[in-house]
Amino acid sequence: MMNEIVGLCKRRGFIFQSSEIYGGINGFFDYGPLGVELRKNIKDAWWQDMVQRREDIVGLDSAIIQHPQVWKSSGHLDGFSDPMVDCKASKLRYRADQLFYGKVIVAGEVIGYVSVLEDATMQDQADKAAKKLKKKVGAEGDLSPVELVVYTKADPSEYVLIPSPATGEAGSLTPPREFNLMFKTQVGAMSDASDNAYLRPETAQGIFINFKNVTDSSRVKLPFGIAQIGKAFRNEITPRNFIFRSREFEQMEMEYFIPPGDDVWPKYHKEWIEWCRNWLISIGLRADLIGEDVHGEGDLAHYSKACTDLTFHFPFGEQELWGIAVRGNYDLTKHQEGSGKSLEYFDEAQKEKYIPHVIEPAVGVDRILLATLVSAFAEDEINGEKRSLLKFHPRIAPYKVAVLPLVKNKEELMSKAREVFEYLSKRYHCFFDAAGAVGRRYRRMDEIGTPYCVTIDFDTIEKDQKVTLRDRDSATQVRLSLDELYKTLDEKLNF
Ligand code: GAP
């Protein structure tokens, strides 16, 4: 299914590999004419529901490049890293926590090692590789199932024994070492260490460093949130699974500030998990593909009190979609220490000063977009003919309505269609298509997820002034007067 989605995205202009004409650049993507609309609709829906329709949340748009001290205080400079392993023979790099190895044991004796990269089929791959090794060395006896261990847990004496996933040969993998994921850049003309700056790896810190600006300039009162949508950059060691893990992506993050106290945060955390789940379903994600991963104490950062990820069953496995973390007052405290400026809040009701705590729902736009494609992708049969369609929720569909004159060589019919298009396109993003058989035009609209088609035919101009409204998912058609059409679409497309 992933191959079909990637193929459709390129063919229909949703997503392209970045710099494709130069051979591409790994971990970067460009959004085409339909992708940019889908992406914008997802962001607009989030902004409307998260900011504009709530009284307790305000917006922010902070700079991508911030004072380097921001990343020192937040801990990113020292700790935002993944363990990396190099293959000296192939010059390829792997995330050490995504590389697994196992001993190949025949009749109780270790005859060698196998290695695999983390994915849903890695146990199968490892057992197959073990079988092959047994055959190659001509070992006799029972082959035990391979027990996979993550490379970060390997004993140093094993590094030279574990084969590289690139070459299949042992001896070329390095010990794991930490690799900071922040992209470094230089600000100004000096090009020395004093000019070092970083592309932000998350939008969240821009919110924390503006906490005082927002509380001083607006009339927010606890509990309240600050939301931001924007690009984030991470020099991922192994970007993969299409747009799921890339090096340039966009986040939608919200920091919800609450009073301190261990009895305070659980209620807000629970509410935000539910809000996020319901919001995903409201824009068309399949509820049966959404899961939950509650982090155990061992998986939490030392300052974090709890974290629940909403997960999604992508074709390549169940993966994190939206993290809802309870971050205590760690970030504001660190920026207060780092900047020397007070980030305390005066609680008028309690007549006391404190550093607020925070609940953080943080999600990637690109991951939601991929999840909408997976949820919407469908194939069915209409009158014995196979069709593939994207059942996007109308709120996020790139085009809401296609206006189709039955033929293009009839002046009156074309001008009626233009009149309808002009009226509708002032309200919704519409597509005008007069080329080819109308059935083919319907299929094209189904494939890009346009929920409604309006057809203007001979009866419209010669008989009843009515048009045909076709529904994408059921392929049913009704005839409506123009007044009825406009009213019906208004009901269906008003969110
Ligand atoms: N401020 C907290 C934070 O950034 P995170 O779990 O590292 O937390 C939040 O990122 C969300 O951003 C993730 O749940 C995911 O949806 C998205 N995200 C993170 N890294 C990504 C990447 N390399 N490519 C695409 N999306 C990513």
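# Questions about a predicted chain

Author: Start with helix α5, residues 122-137. Helix α5 lies across β6 and β7 and runs at about 140° to β7.

Reader: What makes α5 a helix? And how do you know the angle to β7?

Author: Helices are DSSP runs of H or I with at least four residues, strands are runs of E with at least two, and both are numbered from the N terminus. Residues 122-137 make up α5. The angle is taken between N-to-C directions, from 0 to 180 degrees, using axes fitted to C-alpha atoms, for helices over the stretch in contact (heavy atoms within 4.5 Å). Therefore about 140° fits on that 0 to 180 scale.

Reader: What kind of model is this?

Author: This is a predicted model, where local features need pLDDT of at least 70, side-chain atom pairs need 80 or more, and totals for chains, interfaces and linings use all residues. Residues are numbered from 1 along each chain as its sequence is written, and side-chain values use heavy atoms, without hydrogens and water.

Reader: What makes β6 and β7 a pair?

Author: Two strands pair if DSSP finds at least two bridges between them. Strand β6 (residues 99-106) and β7 share eight bridges, in the antiparallel sense. Eight against at least two: therefore they pair. One bridge joins Ile 105 to Val 110 in β7.

Reader: Why are β7 and β8 called edge strands?

Author: The open antiparallel sheet has the order β7-β6-β8. β7 (109-117) and β8 (149-150) each pair on one side only.

Reader: What makes the second largest pocket a pocket?

Author: Rolling a probe the size of a water molecule over the atoms shows where empty space is left. On a 1 Å grid over the protein atoms alone, a pocket is an open set of points with protein on both sides within 12 Å along at least five of seven lines; in a cavity, a 1.4 Å probe fits but cannot get out. The second largest pocket has a volume of about 410 Å³. That volume is the space filled by probe spheres set on the points, which are joined across faces, edges and corners.

Reader: Which residues line the second largest pocket, and how many?

Author: Lining residues have an atom within 4 Å of a point. There are 15, with Tyr 113, Ala 129, Leu 133, Pro 163 and Gly 168 nearest the centre. β7 and α5 each supply at least two of the lining residues. By class, the lining has eight nonpolar, four polar and three charged residues. Nonpolar means Ala, Val, Leu, Ile, Met, Phe, Trp, Tyr, Cys or Pro; charged means Asp, Glu, Lys or Arg; the others, Gly among them, are polar.

Reader: Why is Gly 298 called exposed?

Author: Exposed means over 50% relative accessible area, buried means under 20%, and partly exposed lies in between (1.4 Å probe, protein chains only). Gly 298 has 78%, so it counts as exposed. Gly 298 sits in the loop between β14 (290-294) and β15 (306-314).

Reader: Why is Ser 19 partly exposed? And what about Lys 91?

Author: Ser 19 has 32%, so it is partly exposed. Lys 91 has 69%, so it is exposed. Ser 19 lies in the loop between β1 (15-17) and β2 (29-31), while Lys 91 is in the loop between β4 (81-86) and β5 (93-95). Neither is a glycine, but phi is positive: about 55° for Ser 19 and about 65° for Lys 91.

Reader: How do you know that β15 is largely enclosed?

Author: Eight of its nine residues are buried, so the rest of the structure largely encloses β15. β14 joins β15 through five antiparallel bridges, and Ile 290 stands opposite Phe 312 in β15. On β16 (residues 317-328), nine antiparallel bridges pair with β15. β15 and β16 form a hairpin with two residues between them.

Reader: What is said of the sheet with β23 in it?

Author: Five strands form an open sheet in the order β23-β22-β24-β25-β26, with mixed pairing. Its edge strands are β23 (430-432) and β26 (477-481). β24 (residues 452-456) and β25 (residues 466-471) run antiparallel with four bridges. Val 454 stands opposite Leu 469 in β25.

Reader: Which peptide bond is cis?

Author: The bond from Leu 222 to Pro 223, with omega near -5°. Pro 223 is in the loop between α7 (211-217) and β12 (224-233).

Reader: How many helices and strands are there in the protein chain?

Author: The chain has 14 helices and 26 strands. Of its 495 residues, 50% count as buried.
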